[in-house]
Amino acid sequence: MPDEKDIEQYKALAQQYQLIEMELQKADLQVKEISSSLDELEKSDGKTYLAIGRILIEKSKEDIKKELEEQKSKIEKRLETLKVQKQKVEKKLKELEAKLSGKSEE
């Protein structure tokens with residue numbers, strides 16, 4: 001018979017897993033957007049601007065590139081952390097699932 005505590009833990013882990021999945025998707029999208037921006041920046045020959053809130057600030061192409069690459073690097077590190085978290089939660093979920101279904105691995 002499944003323990004109520006295990007059921008609650010399973011639900012919490014499942015919710016945590018979904019949140020991690022959403023964060024992964026969001027971070028992946030951000031990396032793609034930055035990569036696209038970097039590609040467009042390379043094509044640009046004229047003045048370059050950086051959007052800050054509702055205003056555009058003229059900045060050098062090199063400064064914008066540096067900022068975008070720093071953002072991309074931070075997000076990629078976050079992606080790696082999220083992937084590790086996802087694996088850990090996934091493992092715990094499988095263990096609890098086995099326990100709850102009565103197929104405990106001992």
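## Exercises on Thr48 and the largest pocket

In this predicted model, the side chain of Thr48 comes within 2.4 Å of the backbone oxygen of Lys59.

**Exercise 1.** Determine which backbone atoms the side chain of Thr48 reaches, and at what distances.

*Solution.* Step one: the backbone oxygen of Lys59 lies 2.4 Å from the Thr48 side chain. Step two: that side chain also reaches the backbone nitrogen of Lys61, at 3.4 Å. Step three: a polar contact requires a pair of N or O atoms within 3.5 Å.

**Exercise 2.** Classify Thr48 as buried or exposed, and describe its surroundings.

*Solution.* Step one: place the residue in the fold; Thr48 belongs to strand β1. Step two: apply the cut-off, since buried means under 20% relative accessible area. The relative accessibility of Thr48 is 8%, so the residue counts as buried. Step three: list the contacts, leaving aside neighbours within four places in sequence; Thr48 touches Leu41, Ile57, Glu58, Lys59, Ser60, Lys61 and Ile64.

**Exercise 3.** Characterise the largest pocket by its space, its lining residues and the elements that supply them.

*Solution.* Step one: the largest pocket holds about 240 Å³ of space. Step two: its lining consists of Ser37, Glu40, Leu41, Ser44, Thr48, Leu50, Ile64, Glu67, Leu68 and Gln71. Step three: sort these by class, which gives four nonpolar, four polar and two charged residues. Step four: assign the lining to elements; α1 (4-43), β1 (48-52) and α2 (61-100) each provide at least two residues. The largest share, four residues, is from α2.

Technical notes
Residues numbered from 1 in each chain as written. Predicted model: local features only at pLDDT ≥ 70, side-chain atom pairs only at ≥ 80, totals over all residues. Heavy atoms only, no water. 1 Å grid on protein atoms, 1.4 Å probe; cavity = no way out; pocket = protein on both sides within 12 Å on 5 of 7 lines; lining within 4 Å. Points joined across faces, edges and corners; volume = space filled by probe spheres on them. Nonpolar A, V, L, I, M, F, W, Y, C, P; charged D, E, K, R; others polar. Buried < 20%, exposed > 50% of the residue type's maximum accessible area, 1.4 Å probe, protein only. Polar contact = N/O pair within 3.5 Å; in protein donor to acceptor, adjacent residues only side chain to side chain. Contact = heavy atoms within 4.5 Å.
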